[in-house]
Each structure stands twice: as C-alpha cells, then as structure tokens.
Amino acid sequence: MTITEIASKIKGLKSALIFSHVRPDGDTIGSATALRNALISLGINADLVCDSPIPEKFSFIDGVGCYVTPDKITKEYDGYIAVDCSVSSMFGGAYSLFIKNKNTFNIDHHVSNAKYAKYNYVFDNSSNCENVYELLGALNVDITEDIANSLLLGIVTDTGNFAHSNTTAKTLANASDLVSKDANLNYIIYKMFKEQSKARAKLYARVISNATYYLEDRVGVLVINKSDLEEFGAVENMTEGFIDFPMTVIGVEVAISLLEVGDKRYKISLRSKGKVNVNEIASLYGGGGHILASGAMLNGYKEDIIDKLVYNVSQRLE
Ligand SMILES: [Mn+2]
C-alpha cells in the first residue's frame, strides 16, 4: 500500500490501539508515541500497548506513561496499528489480541516483514520513525515538539547515533527537519548513549580493565562475573554495550564477552569487524544471530569456553 492509502484508512478511524514490540527500543516507542499524539490531534482516540515493561530511560518521551499490557485492554477499537514489528513473535503475548481486530495496520521498516496485517506499509528506511514521519506528513499533522522528540528518538537509536550504515542523506535531512521543529537532539543522545548509573559505571571499569587479548591481539575477551555484578549492585541488562569496547581496539577482529548467568553457565556475545562470520561460531553452540553480531549460551569453566571460542575464531582468521 502507498502512504496516501494507509493515511486515508487511518483517517477513517475513530479510535486506535497502537502496538509496540516486546523488549521495546527507541524506534518502536518513538513510532508509537508520535503516532498516538498525532492521532489525538486529529480527534482519533489512541492508546498504547506493549507486552513488556518500558525501560525507565524513555520516561522523558511524552506518552510513555500511557502504555498498558495487553491483559488491561477491555475497550473496543476501530483499528489496531503495529509499529516496528516485523513478525508475530515481536508482539509477545499481544499478538493474540492484535489478530482479533478486523482493521489491522502494520507500519514497519524491516525488509523481513511478514506482512501479517490487513493494511501493510513496509518501507526500508533507517528507522520506522522515518516511515511514521512520512505518514504524519500524509495525514497533514502538525509536528509538535513532543512528536519531533519521539520521531528523532527512533532515528537516533536505530542508526546507533547516526553511526550505522543505514544512515542516509534522507535520514539526516529528516533529523534536521525534526531539530528545526524543536526536537532536543543533544538530550536524546545523552539519555540514550551516555547516561548510566554509578553501578554500571563501576562494573564497566572493572570489566574493561580485566579485558584479555588473544591471537596477537586479534581477539578481545571480556568476562563479566556474577560476583562483580553483586559487588556493585548491578544487574545483567546493564552490561549492554560492554562488548563494543574491545571492538574499538586497533587490530581486534573479533570481540567475545562472557556473562556469568548461572553456575558454570555463560551468556556469550560475539562481534566481528568483518573477516570472521561469528554467526557460524554461535551456531556451533546452538546460538545464532547475524554475521557480525551473534550470541549463544555455553556451559563449562570460563577458561575452557574462552579456549574453545578463540580456537573457533583462529580457524576462521587464516
Ligand atoms: Mn526499528
């Protein structure tokens, strides 16, 4: 469907429930909150649903406090609109609710989108917020400061702060437009990429200072022990982004992190700069992901796990 067709279908609604994916990121939250405010400005009743808690760091975005879990939905809506959800599993438990409505919309940017809705608008932009921005244009919505902040949030997070290869001239032009509409780029970047708790900062310093290097410094390894988490009062999800550190080291081709999640049980993350397909390595242990970013769960002593993984890398570096 074209954006004009989707816009005219949405204009016909009196009420809509907007769905964000589980483990929500800035793009699904930005898409949903921008669309909610836009629909309300058009006189359409709009609510938000997500089958996961919304991380605290997004609380500065207008409308984030309105999310409810699917079990709280009792009202009827004219239409259900999913944003940034490529497949049914991304809805979590909310999918069984989603399919109950006759007017379902799917607005997404993943090329792998399963086109599961009655009305599908899937376009391969950097972020779904770029698609929503285009949709709001087709709906003739006034871009308020709140809407601009929501949309810029999705662009900034899905492009990794404009650093990923999905950042195009159009992405930057859209971001520039949103800044001209008073989106606070500086604050969004601080909240998404810089701000951290003291517990995380202390854990990070510990883990990074204990990094080890193998194969003439072509592999960098981080170990995150349960005892370190406990010492600083940190929790597992605070370790997100740690693995980016060894990747900054000149000469390192592959980064590996081991997060101790149980007795002799480790959650493994793998990153590659391109010479090694780490998806192949993760697959050896029942894990998977992408060529440059993959993960798996391994049992055993950490020294043995590191030995095995470094060996797997060495076989692929020659
Ligand atoms: Mn996205």
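## Close-up views of a predicted model

**View 1. Glu195 and Lys191 form a salt bridge.** The closest N and O atoms of Glu195 and Lys191 are 3.0 Å apart. The model shown here, as in every view, is predicted. The two partners sit in unlike surroundings. Glu195 is partly exposed, with a relative accessible area of 37%. Lys191 has a relative accessible area of 15%. Lys191 therefore counts as buried, since the cut-off for buried is under 20%.

**View 2. A manganese ion is held by four named residues: Asp27, Asp84, His109 and Asp158.** The aspartates each coordinate the ion through OD. His109 uses NE2. The coordination distances run from 2.1 to 2.3 Å. How are the donors spaced along the chain? They follow the pattern D-x56-D-x24-H-x48-D. Two of these donors, Asp27 and His109, link distant parts of the chain. Asp27 belongs to helix α2, residues 26-41. His109 lies in the loop between β5 (104-108) and β6 (119-122). The two are 82 residues apart. Are Asp27 and His109 buried or exposed? Both are buried.

**View 3. Asp84, a manganese donor, has a positive phi.** The phi of Asp84 is about 70 degrees, although this residue is not a glycine. Most residues other than glycine have a negative phi. Asp84 sits in the loop between β4 and α3 (95-98). How accessible is Asp84? Its relative accessibility is 1%, so Asp84 counts as buried.

**View 4. Asn140 also has a positive phi, near 60 degrees.** Asn140 is a residue other than glycine. Its place is the loop between α4 (128-138) and α5. Asn140 is exposed, with a relative accessible area of 67%. The cut-off for exposed is over 50%, which is why that value puts the residue in this class.

**View 5. Asp47 and Lys75 join distant parts of the chain through a salt bridge.** Their closest N and O atoms are 3.2 Å apart. Asp47 is in strand β2, residues 45-49. Lys75 is in the loop between β3 (67-68) and β4 (79-83). Along the chain, the partners are 28 residues apart. Asp47 is partly exposed, with a relative accessible area of 23%. Lys75 is partly exposed too, at 48%.

**View 6. Asp71 and Lys72 meet in a salt bridge on their side chains.** The N to O distance is 3.1 Å. Are the two residues buried or exposed? Both Asp71 and Lys72 are exposed.

**View 7. Arg206, Asp228 and Glu231 are linked in a network of salt bridges.** How many salt bridges does the model hold? The count comes to 8.

**View 8. Negative charge gathers in a patch on the surface.** Which residues make up the patch? They are Asp62, Glu145, Asp146 and Asp182. Asp146 is part of helix α5, residues 145-158. Asp146 is partly exposed, with a relative accessible area of 36%. Residues in a patch need over 30% relative accessible area, so that value passes the cut-off.

**View 9. Ile73 lies in the loop between β3 and β4.** Ile73 is buried, with a relative accessible area of 17%. How far is Ile73 from Lys118 in space? Their C-alpha atoms are 21 Å apart. In sequence, Ile73 and Lys118 are 45 residues apart.

**View 10. Phe245 is in helix α10, residues 244-247.** Phe245 counts as partly exposed, at 26% relative accessibility. Phe245 and Gly160 are 85 residues apart along the chain. Their C-alpha atoms are separated by 15 Å.

**View 11. Gln315 lies in helix α12, residues 302-317.** With 46% relative accessibility, Gln315 counts as partly exposed. Which distance separates Gln315 from Pro70 in space? It is 47 Å, C-alpha to C-alpha. In sequence, Gln315 and Pro70 are 245 residues apart.

Technical notes. Residues numbered from 1 in each chain as written. Predicted model: local features only at pLDDT ≥ 70, side-chain atom pairs only at ≥ 80, totals over all residues. Heavy atoms only, no water. Donors = N, O, S within 2.8 Å, 3.2 Å for Na, K, Ca; no water. Helix = DSSP H or I, 4+ residues; strand = E, 2+ residues; numbered from the N terminus. Buried < 20%, exposed > 50% of the residue type's maximum accessible area, 1.4 Å probe, protein only. Patch = residues over 30% accessible without salt bridge, like charges linked within 9 Å, V, L, I, M, F, W, Y side chains within 5 Å. Areas by Shrake-Rupley, 256 points an atom, 1.4 Å probe, with all protein chains shown as cover. Salt bridge = Lys/Arg side-chain N within 4 Å of Asp/Glu carboxyl O. Lys, Arg positive; Asp, Glu negative; His and termini not counted. Charge placed at Lys NZ, Arg CZ, Asp CG, Glu CD.
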